[in-house]
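Colleague: Got a minute to go through this model with me? I'd like to start with how the chains meet.

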Amino acid sequence: MTIGRASVPAKYLPVLVTGCLLVAMFVVGGIRYEGFAGGQVILNVFIDNGFLLVVAVGMTFVILTGGIDLSVGSVVALSTMVAASLMEGPGWPPYLVVPLVLAIGSGLGLVMGYIVQAFDIQPFIVTLAGMFLARGLCYTIGTDSIPIDDPTFTAFAQTRIDLFADLWISPSVIIALVVVGVAAYVLHYTRFGRSVYATGGSEQSALLMGLPVGRTKIAVYTVSGFCSALGGVLLSFYMLSGYGQHAVAMELDAIAAVVIGGTLLTGGSGFLFGTVLGVLVLGLIQTILSFEGTLSSWWTKIFIGMLLFVFILLQRLFSRRSGR
Amino acid sequence: MWPAVVLVLLLALNVFFTPSFFSIEVKDGHLYGSLIDILRFGAPLILVSLGMTLVIATGGIDLSVGSVVAISGALACLQISQDQGVFAAVALALGLCLVLGAWNGFLVAGVGIQPIIATLILMVAGRGLAQLITDGQIITVNSPAYKVIGGGYWLAVPVGILIVIGVLAITAFLTRRLALGMLIESVGVNAEAARLAGIRARGIIIMAYAFAALCAGVAGLMISSNVSSADGNNAGLWIELDAILAVVIGGTSLAGGRFSLGGTVLGALIIQTLTTTIYSIGVPPETTLLFKALVVTAVCLIQSPTFREKVFRRRTAKPGPAPEEKVRVTTA
């Protein structure tokens, strides 16, 4: 099964469609609303969705191997909760808290990956258990929102990095972009990245080729856990609080971003750049709806559902054409 | 067998903490008691799980039932609040649910999309649709006739329980007394082979999804009728996960091809009893999710052939189990 590798245009077509959609949305928005067509609108999409971008990067790894990770939203919430409670209660310094949070996230991912691989249980159900576990741990820590007023965190949250001509971004955006850069390098230029694609393309063939399928599968869930924890840290910069209700249903947004970005859900085909575009499309939908003003927030969900439908249908067409 | 043992243990635990747990009394011509409460509050979950069982038996999964629960309650309450008849409102809501279920089935069987993803579309969009119907508000209705579905009694028994018994009886008859159950299982084992054997696999799959949505719709009516209001945002939230959990605990394999209606009912009752137990023995209710996580993991591990092989073979110390070889290849 060499889906999407038959010819170069077919390979890039899904990403191209998403890119065109993004441009079209931006142009329509620019024509309809005053003050829309500035660079800051795009930058704001990055600022408001930096954490989603990081989480979606982790999800891309998992989906590329043909798996799925439902636990990401809960792990994000758990990360904000652990960070906030440790800094407020015992007053731990951030340089201890952040590595600890990242380790917890990666550890959870590692355990889930191990169970998926070693006991041959569907990733869907294993990460569902992980989702319950992480969300339950949040509520065990506390049911109320815990504010963060650590000076380092607040300073980091309020920092504006000025670019040229009145444009600015937050440090979270830089972290998110660094994550995207590193992940793109790993996926497209390292041995591990090629194992990820091979495992998703056909696990059996990858196994017969002598690729470390087991290790790869465990690793992608660890990567996803790490990205979720990092997303949680970024969210706690953004919200300046830890709360068990943060990031409810974020796993759906992350999966939607990956799918809209043109990654095949059966695994083995897709680009990290597509995921970036997918997150931007989701962010731009929210921006347009907020510019529209009269439309209510539930239209976001309906639009995302419709976009998902269209893109999954496109995926079907592409894979059918190149597969046979 | 396992689910029944767990359920009995849970119930025994309850008796230990509240000795009057098993007592059922009749007050004002209605049945009262902890067991009746478990059945009554568990009724929507049992219904949704029954529908989910058939979908999972075809090798699929339906993530959208929670949204369908919300849509059904929202539409019925909207109709009633606009002075429509209760019967027409209920019929309209259930009709819409059938259409939504058939849409899921069409995406899976007709277009050939993975079930998780096909139903994910309706899960995301459906929640928005429910909020669109209620206009983001909580619609409150004051209709005694509508209240009967979730809060009424007939011959001293809560109507919700009667509905569940009715649906269970019809489903059990259709799938176990007629050939339908076998057809569903054959589609679950291998849809293509079933089609070649002359079974209309597409029709069966679409029917399973429509049935799941219909069950979810009835559950949605029950939930909204019980509180006489419709909340597009929170009604049926996470019920899809509980339902999948109930099905898995009940011994139905997620791979499809085999299902147990009785097991599913037991599974749903275990989840509801777990919730009740956590309240009655005074553990903070926030930890319910932790318990669920442990139960899912334990049940899945017990059901996993690889796990059983590894653990039980190691105990009896027989040499050279097959999966070891696989591990050696993967770490090479």
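Colleague: How many residues does each chain put into the contact?

Modeller: This is a predicted model. In it, chain A gives 40 residues to the contact and chain B gives 37.

Colleague: Which helices of chain A supply at least two residues each to that side?

Modeller: α5 (123-141), α10, α11 (250-260) and α13 (298-323) of chain A.

Colleague: And which one gives the most?

Modeller: α13(A), with twelve residues on the side of chain A that touches chain B.

Colleague: How do the residues on that side divide into nonpolar, polar and charged?

Modeller: On the side of chain A that touches chain B, 27 are nonpolar, eight are polar and five are charged.

Colleague: What ipTM and pTM does the predictor give the complex?

Modeller: The ipTM is 0.77 and the pTM is 0.82.

Colleague: Switching to chain B. What is its mean pLDDT?

Modeller: The mean for chain B is 82. Of its residues, 93% reach 70 or more.

Colleague: Where in chain B does pLDDT stay under 50?

Modeller: Over residues 317-332 of chain B. For that stretch the model has 18 contacts beyond four places in sequence.

Colleague: What domains is chain B divided into?

Modeller: Domain 1 covers 28-283 and domain 2 covers 286-332. Their centres, taken over C-alpha atoms, are 32 Å apart.

Colleague: How many residues of each are in contact?

Modeller: Seven residues of domain 1 of chain B are in contact with seven of domain 2 of chain B. On the domain 1 side, α11 (239-249) and α12 (261-280) of chain B each supply at least two residues. The residues on that side of domain 1 of chain B divide into six nonpolar, one polar and no charged.

Colleague: Back to chain A. At what angle do α3 and α10 pack?

Modeller: Helix α3 (residues 72-88) and helix α10 (residues 213-239) of chain A pack at about 55°, with axes 7 Å apart. α3(A) and α10(A) are therefore oblique to each other.

Colleague: Is their crossing left-handed or right-handed?

Modeller: The crossing of α3(A) and α10(A) is right-handed.

Colleague: Which residues meet there?

Modeller: From α3(A), they include V72(A), V76(A), S79(A) and A83(A). From α10(A), they include G225(A), A229(A), G232(A) and M239(A). The residues of the contact of α3(A) with α10(A) divide into ten nonpolar, eight polar and no charged.

Methods. Residues numbered from 1 in each chain as written. Chains lettered and ligands numbered in written order. Predicted model: local features only at pLDDT ≥ 70, side-chain atom pairs only at ≥ 80, totals over all residues. Axes fitted to C-alpha atoms, helices over the stretch in contact; angles between N-to-C directions. Helix = DSSP H or I, 4+ residues; strand = E, 2+ residues; numbered from the N terminus. Parallel < 35°, antiparallel > 145°, perpendicular 65-115°, else oblique. Left-handed = near helix turned anticlockwise from the far one by under 90°. Contact = placed C-beta atoms within 7 Å. Nonpolar A, V, L, I, M, F, W, Y, C, P; charged D, E, K, R; others polar. Domains from an automatic or database assignment. pLDDT = per-residue confidence, 0-100.
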